[in-house]
Amino acid sequence: MYRIVLGKVSVLSTDALSNALSEQAPQGAHRARWIAGRVLLSHVLSPLPDIVYGEQGKPAFSADTPLWFNLSHSGDDIALLLSDEGEVGCDIEVVRPQDNWQTLANTVFSLGEHAEVEAEHPEQQLAAFWRIWTRKEAIVKQRGGSAWQIVSVDSTALTSSLSVSQCQFDTLSLAVCTPTPFTLTADAVQRL
């Protein structure tokens, strides 16, 4: 089972549940996103299982809970991927202008990923950049790695042990990386 839920940080971070979670939340710039992620999890799973952190800081449920999750946010949007199949990763990005997108692509994209961008019409190349970026991030997050490892990931040359799927909704690019085959579609996504 895979479940994908989208929400808004601004709404979830002021939800009634946020008061109960606010004492646990870190201070600073990431506070609202942290609270929104916990509230989103709480809407999907109640009671919310204990959360522990892996070596690279990836949050997970404690070993006695046979579920896996991953959260991602971009701007005011937040995505949750929940699984009972094994470790998962997801990434959401607002498709937006990025002045240095070609420099970023030259730095972190593989030859296959460059070919995918180049195959697009010039006006579609920025969307292709975000499509590939979200796939790469989802793979890194599934592994529990850090963003710095994105350069070592080639989203066009995957092994049979992973499934990566990507979908675009209006101005959002969403990608998931799962241990078993899964095709991401707009119908598979729940919105809170």
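Helix H6 lies across strands S6, S7 and S8, and runs at about 150 degrees to S6. The model is a predicted one, and this helix-on-sheet arrangement is a handy place to start looking at it.

The three strands under discussion make up an open sheet in the order S6-S8-S7, with antiparallel pairing. S6 and S7 sit at the edges, each pairing on one side only. From one strand to the next, the twist averages 10 degrees. Strands of a sheet pair through backbone hydrogen bonds, either parallel or antiparallel.

What about the strand between the two edges? S8 spans residues 172-178, and seven of its seven residues are buried, so the rest of the structure largely encloses it. Its side chains split into two sets: Leu172, Leu174, Val176 and Thr178 point one way, while Ser173, Ala175 and Cys177 point the other way, and all are buried. On one pairing, S6 (residues 89-94) meets S8 in the antiparallel sense over six bridges, with Cys90 standing opposite Val176. On the other, S7 (residues 163-169) runs antiparallel to S8 and is joined to it by seven bridges. Within that S7 pairing, Gln166 has Ala175 as its bridge partner, and Ser163 stands opposite Thr178. S7 and S8 also form a hairpin with two residues between them, and Asp170 in the turn has a positive phi of about 50 degrees.

A second hairpin turns up earlier in the chain, built from S4 and S5 with two residues between them. Here the turn residue Gly75 has a positive phi, of about 60 degrees. S4 and S5 (residues 77-83) pair in the antiparallel sense over seven bridges, and Leu71 stands opposite Leu80 of S5. How enclosed is S4 (residues 68-74) by the rest of the structure? Largely so, because five of its seven residues are buried.

Back at H6, the helix has a helical neighbour as well as the sheet. H5 (residues 111-118) and H6 (residues 125-143) pack at an angle of about 150 degrees, with their axes 8 Å apart. That angle is over 145 degrees, which makes H5 roughly antiparallel to H6. The crossing of H5 past H6 is right-handed. From H5, the contact draws on Glu113, Glu116, Val117 and Glu118, and from H6 on Gln125, Ala128, Phe129, Arg131, Ile132, Arg135 and Lys136. Sorted by class, the H5 contact with H6 comes to four nonpolar, one polar and six charged residues.

Two loop positions round out the picture. Ala188 lies in the loop between S8 and S9 (189-191). Is Ala188 exposed, buried or partly exposed? Its relative accessible area is 29%, so Ala188 counts as partly exposed. Leaving aside residues up to four places away in sequence, Ala188 touches Ile4 and Phe182. Ala188 and Glu116, a residue of the H5 contact with H6, are 72 residues apart in sequence and 25 Å apart in space, C-alpha to C-alpha.

The other loop position, Gln27, is found between helix H2 (16-21) and helix H3 (31-44). With a relative accessible area of 66%, Gln27 is exposed. Gln27 and Ile51 are 24 residues apart in sequence, and their C-alpha atoms lie 18 Å apart in space.

Conventions: Residues numbered from 1 in each chain as written. Predicted model: local features only at pLDDT ≥ 70, side-chain atom pairs only at ≥ 80, totals over all residues. Heavy atoms only, no water. Buried < 20%, exposed > 50% of the residue type's maximum accessible area, 1.4 Å probe, protein only. Helix = DSSP H or I, 4+ residues; strand = E, 2+ residues; numbered from the N terminus. Pairing = 2+ DSSP bridges. Contact = heavy atoms within 4.5 Å. Axes fitted to C-alpha atoms, helices over the stretch in contact; angles between N-to-C directions. Parallel < 35°, antiparallel > 145°, perpendicular 65-115°, else oblique. Left-handed = near helix turned anticlockwise from the far one by under 90°. Nonpolar A, V, L, I, M, F, W, Y, C, P; charged D, E, K, R; others polar.
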